[in-house]
Structure formats: C-alpha cells, structure tokens
Amino acid sequence: MRLLIYEPSFRRLEAEISALGPVVEPLLMSDSGEVTLNGAPVPADAVNAEAAWTNADVFFGPCVRAFMTAMLKSPGLKWVQSGAAGFDNAVFGQIVQKGATLTTSHGQAVGMSEYVLAGVLDAFQNGPERRAHQAAGRWERVRFREINGSRWLIVGFGAIGKGVADRARAFGAHVTGVRRRQDADPSADRIAAMGDLPALLPEADVVVLCCPLTAETRHVADAGFFAAMKPGAVLVNVGRGGLVDEPALLAALDRGVPEHAVLDVFETEPLPAESPFWRHPRVSLTPHASGITDGQHVRNDRLFAENLRRYVAGEPLLNVADPKDVLAGR
C-alpha cells in the first residue's frame, strides 16, 4: 500500500508507520515537490498513491500544489486523511468524486474551544476598555458580566461545539446545541434543530457558529438572524466565513446588536485591508487561526496513525465524511 506523505510529517510518525511493516510503502514528498520511495525518485506520473495524509503541513507548506496534483492523479487512490474538520475546500469534493474515502480530523477542537471562551470572556469583561484605561494610566474600575448563568446557543454540535459547551458549562452557562440529530447529548442542556433558531436567538447571550459550510448553512446568520438576537449578545464565528452575511452583520453591529462579534473566519481570506471589520469597535478578529496551537498536530498525528492502522487491518475508519455532505459544501 503506497502512502503519500509530506516528509516532515513522516519523520514525526516514522516509528508508528514502520511498526506496520512492509505493507505500507511511504512515498515521501519534499518541499520541492519531489517524491521518493525508499530513497529512489518516483516520477510525478508514477506516484499512484493508495492513501494520503493531507495535514496542515501540506496545506500551508511549499509543496501543496505538487502534493494535491500527485494525490488526485493517482488512479488507485482509496483513502485520504484530512487534517481539517471541515470539507468545503474544492479538493475534498474531487477526492470523493474519485470514489476515495475522506476522513476528517478534530485535533483543533481543543484550541478552538479555548479560543471561543477567551473571546467571550474578553467581551464580557470589557477587555478593550480595560486595556485603554491601562494605556492611559487611568485607575478606573469596570463592571463586567459573568458567564455564570448566561445562555449559550451553539450552532453545530460536533467535536468543536461540544468542546465549547463543556468549557462554557464549567463556568455555569446553560447550553443549547443545534444539530441534525435530536437525541440528547451529555454536553448540552438541550438539543435543538436549525428550524428552532428564530425562537432560540432572543434568549441567547452568546451565539457560537461552528458548523460546516453547506448549502443549508450558507448565510444562516443573515439580517433576520441578527434582528432576532438579544441586546447585549455576543456572536462568535469559528466555522466558515460563508456562514455569515457580512454586510448584514456590519449593519447589525452598527445598530448595537450583537453587542460584539468575535470573528476568526471570513468570506474572503486573507481579509482585505480595506474591510470595515479591521477597525470596527465592536469586533475582535483573528486570521483563521483559532485552531493553530501547540497541541493540534499531536492530536492530528495520533488520529492519522490510528486510522492508518485500521486501514491496514481492514477495520472501520474514524471520522468518515459523508460524500453527500462533502459535495453539498463545495
């Protein structure tokens, strides 16, 4: 079984891969896009990988174009492990259209959950005002809001949503999770459907978007959504920029509801320098970085190694993406 893997990623996992024996033949791709097998060069048109590990090293590295080309041109491609939780990137649609299995990763859920709590705490505790007072040398006390007793509405209740819920509930928050399945979940006080949003938004002190971008969820946060929000509410988007109608959000922020928005993702990335979001007094933003932590690659590597073991053993893989959802999110 030929495994296409970026060489730095392989070096971290060399022991685990070697332990599977000669059944796995690692095809190592260098920064320059050259592929080798057991030290011998492999022509680009002869890679023919059966599996591939497309992690952040690949997506944000110098060989991304060569890696994707070699992977997608492999006629025997059967399985691709992604390092991402979402699947709206066009390459994922191409993978499932080839008939290959796509598995996703939630190694970033821990960091993203902590990011959400940090953003809400900063908004609730008037962080910008405090920092302005410090910069001006002003000894002025500022009252702040408690998370304890607040109501959180988390749209998208997978690994990331549950991670946010567990942390918010540890502070004493009441959590409603929104997802397709309506069975109870130990991480939530209540589970609701997307159709319940109009009734739930007026009650929510914090609204967190962490669902995938699909035809159903595109611009789910529109003018009507913001008009239904509670005065003083905080909006957090760590899902995808396309979940939010950005002109509608800017207009809503100018009206004061939501009171604050914590935004890690945008419809156009990088965010253009002329975007009003950069300078809006009710916005805290980051450059799609909520999951970039010192622990992300460790958890992602662990999942990949386990799925590789399962693949070799013929066992069911973890986090298999539904091809219909992948294609719907393109």
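Helix H4 (helices being DSSP runs of H or I with at least four residues, strands runs of E with at least two, both numbered from the N terminus) is followed by Gly99, whose phi is positive, near 90°. The model is a predicted one, in which local features need pLDDT of at least 70 and side-chain atom pairs count only at pLDDT 80 or more, while totals for chains, interfaces and linings use all residues. Residues are numbered from 1 along each chain as its sequence is written, and side-chain values use heavy atoms, with hydrogens and water left out.

A word on confidence is in order. The mean pLDDT (the predictor's confidence in each residue, from 0 to 100) is 96 for the protein, and 99% of its residues reach 70 or more. Confidence is highest in strand E11 (residues 206-209), at a mean of 99, and lowest in helix H12 (residues 323-328), at 86.

Back at H4, which spans residues 90-97, the buried residues (under 20% relative accessible area with a 1.4 Å probe, protein chains only; exposed is over 50%, partly exposed in between) are Val91, Phe92, Gly93, Ile95 and Val96. Their cover includes helices H2 (56-59), H3 (64-72) and H12, together with strands E6 (79-82) and E7 (101-103).

Turning to the sheet, seven strands form an open arrangement in the order E10-E9-E8-E11-E12-E13-E14, with parallel pairing (two strands pair if DSSP finds at least two bridges between them). Strands E10 (190-192) and E14 (283-285) stand at the edges with a single partner strand each, so one side of each is left without a neighbour in the sheet. From one strand to the next, the twist averages 15°. Within this sheet, E8 (residues 151-155) pairs with E11 in the parallel sense over four bridges, and the bridge partner of Leu153 in E11 is Val207.

Leu153 and Val207 also appear in the largest nonpolar core (buried Ala, Val, Leu, Ile, Met, Phe, Trp, Tyr and Cys residues joined through side-chain atoms within 4.5 Å). Of its 32 residues, these two, along with Leu209, Phe225 and Phe226, touch the most other members. At least two residues of this core are supplied by each of E8, H8 (197-200), E11, H9 (223-227), H10 (246-255) and E13 (260-263), with the largest share, five residues, coming from H10. Leaving aside neighbours within four places in sequence, Phe225 is in contact (heavy atoms within 4.5 Å) with Leu197, Leu201, Val207, Leu209, Val220 and Leu235.

How values were computed:
Axes fitted to C-alpha atoms, helices over the stretch in contact; angles between N-to-C directions.
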